[in-house]
Each structure stands twice: as C-alpha cells, then as structure tokens.
Amino acid sequence: MGVPIIAGNWKMFKTVGEAVNFVSELAGRVAGIEGVEMVVCPPFTALAAVAGQLRDHGSGIALGAQNMYWEDEGAYTGEVAPGMLKEIGCRYVILGHSERRQYFGETDAVVNKKVHAALVHDLIPIVCVGERLEERESGTTEEVVRRQVEGSLAGLTARQAAGLVVAYEPVWAIGTGRTASAADAQQVNRFIRGLLRNMFGEIAAQAVRIQYGGSVKPGNTAELMAQPDIDGALVGGASLEVDSFTGIIKNAL
Ligand code: PGA
C-alpha cells in the first residue's frame with residue numbers, strides 16, 4: 001500500500017467560524033506528520049474560508065467538497081459547478097455518498113456523470129459505494145457493490161481510473177457505531193479491487209486507493225489500515241472533533 005488517505009466528511013456540520021477554528025487547531029496538531037494524506041470536506045459555505053486557513057498554515061491538509069453538479073454552469077438553481085470548487089482550492093470531491101443516494105435520489109448514472117465532470121476539472125473523485133443492511137443480510141453485497149462500481153465508473157480510461165479514490169461504506173455501519181470487522185471490510189475492498197482490475201487492468205487497479213468508511217474511530221483505525229486492500233478511511237462523526245480525527249490520522253501511520 002502507498003500512503004493512506006484519511007478524509008473527514010463533515011456532512012452538514014460546522015459554521016464558517018467553527019470550521020476555521022477547527023482547521024487551525026488541527027493544523028497545529030498534525031504539523032510534521034508525514035506518510036498519511038489528510039483531507040477535510042466541510043460544507044460548501046465553509047470551503048473558501050477553510051482553504052484560506054489551510055494555505056496560511058501551510059498545513060499539508062487537502063480540501064474536498066461533499067458533492068457537486070456535473071454541468072460547467074447554467075440555470076441549475078442551488079447547484080455548485082466543478083470549476084467553482086477547483087477555483088477555491090478543492091482537490092477532492094466526495095461523489096455518490098450513501099446519504100446523497102438515499103435522500104437526494106442519486107443513481108449510479110448521476111454519479112457517473114459527476115465523476116466524469118470532476119475529472120475534466122482536475123478534481124479527484126472519492127466515489128462512495130456500499131450495501132444497505134437488508135442487502136447484506138440477503139447475501140447480495142457483492143452484487144450491489146458490483147453494480148455501483150461498474151455504473152459509477154463507466155466509460156473512464158485506465159489512466160483516469162488510476163487516480164481515483166473509492167470509498168467502501170456499508171450503509172449499516174455509517175453513523176451507527178457498528179463498524180464492519182476488519183476482515184469483512186477487507187473482503188469487500190478486495191472484491192472492489194478485482195472489479196477495478198476487470199474494468200481497467202492490473203496497474204490501474206493497484207493504483208486506486210480504496211478507503212473504508214463507517215464508524216471509523218481512533219480505536220479501530222490501525223486494524224482496518226493493516227488490511228492489504230484498505231488504503232485509507234472516510235470518516236464522518238469522528239472527523240468532527242480534533243482529538244478523534246488526529247487520533248485516526250496518527251493510528252493510520
Ligand atoms: P461515520 O460516517 O464515520 O459517522 O460512520 C462515515 C461517512 O458517512 O462517510
């Protein structure tokens with residue numbers, strides 16, 4: 001595995017003021033840490049201010065958005081374009097998070113359009129996939145994940161695919177305190193690596209960083225990161241406190 005990538009998905013939490021305070025404290029706490037890539041994904045309203053803070057601190061923490069639209073511009077009230085995110089300093093964008101799929105009707109076809117648009121604008125997509133509880137219990141996890149990976153990443157070149165981050169997030173583990181066991185997470189991450197190999201070849205499949213997400217905490221990070229196909233974590237709740245996010249980053253080393 002290369003350098004692990006630990007990304008904090010803040011969801012709809014933190015005002016601009018809270019976000020700025022958070023990253024200035026975080027930057028101090030993680031100063032000098034090498035060997036792990038750190039990303040924070042604040043709400044849209046805080047992105048520009050957080051970008052400024054991260055630059056001022058020379059923090060080495062990258063910025064990501066939680067969503068975007070696929071068109072360059074136009075009459076799409078309430079949406080945000082890829083170029084707008086790029087302009088204010090985003091390097092990453094989370095696409096197809098299960099909450100987007102569940103509450104906002106995002107399909108694999110929609111996620112696919114967004115992935116293509118992000119790449120055109122030189123944003124690195126963090127593409128989320130994962131099964132719901134009833135799908136796991138009925139034994140369809142691999143079928144669901146296959147459909148999501150193949151649908152969300154359709155039409156990419158091997159070169160484009162190689163730069164991606166994919167996050168395996170079983171929906172039943174998100175915000176529930178119920179983490180997948182390291183062995184279960186590894187099994188699905190390895191399955192995803194195999195799908196990527198079929199689609200894009202061995203070199204690209206090895207280059208893709210595949211995160212695990214779902215109730216990641218400082219206490220379970222090391223065991224998850226020790227798995228051969230887990231290359232990082234997408235962290236929700238535990239990314240909202242400096243102590244726990246710093247703990248996760250340190251335990252990922
Ligand atoms: P959680 O969320 O860490 O709070 O489970 C993960 C996510 O939704 O990305």
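## Pockets and barrel of a predicted model

The second largest pocket holds about 270 Å³ of space. This structure is a predicted model. Thirteen residues line the second largest pocket, and Arg101, Glu106, Gly130, Arg132 and Gln148 are the ones nearest its centre. Helix 4 and helix 7 (141–152) each contribute at least two residues to this lining. Sorted by class, the lining of the second largest pocket has six charged, five polar and two nonpolar residues.

The largest pocket has a volume of about 380 Å³. Its lining also counts 13 residues, with Lys11, Met12, Gln66, Arg100 and Phe104 nearest the centre. Helix 4 (residues 98–104) provides four residues, the largest share of the lining of the largest pocket.

The table gives the lining of each pocket by class.

| Pocket | Nonpolar | Polar | Charged |
|---|---|---|---|
| Largest pocket | six residues | four residues | three residues |
| Second largest pocket | two residues | five residues | six residues |

The sheet comes next. Eight strands, in the order 1-2-3-4-5-6-7-8, close into a barrel with parallel pairing. On average, neighbouring strands of this sheet are turned by 25 degrees against each other, direction ignored. One pairing joins strand 4 (residues 92–95) to strand 5 (residues 124–129), in the parallel sense and over four bridges. Val93 stands opposite Pro125 of strand 5. Helix 9 (residues 182–200) packs on the sheet, where it touches strand 5, strand 6 (165–168) and strand 7 (209–213). The direction of helix 9 makes about 150 degrees with that of strand 7.

How values were computed. Residues numbered from 1 in each chain as written. Predicted model: local features only at pLDDT ≥ 70, side-chain atom pairs only at ≥ 80, totals over all residues. Heavy atoms only, no water. 1 Å grid on protein atoms, 1.4 Å probe; cavity = no way out; pocket = protein on both sides within 12 Å on 5 of 7 lines; lining within 4 Å. Points joined across faces, edges and corners; volume = space filled by probe spheres on them. Nonpolar A, V, L, I, M, F, W, Y, C, P; charged D, E, K, R; others polar. Pairing = 2+ DSSP bridges. Axes fitted to C-alpha atoms, helices over the stretch in contact; angles between N-to-C directions. Contact = heavy atoms within 4.5 Å.
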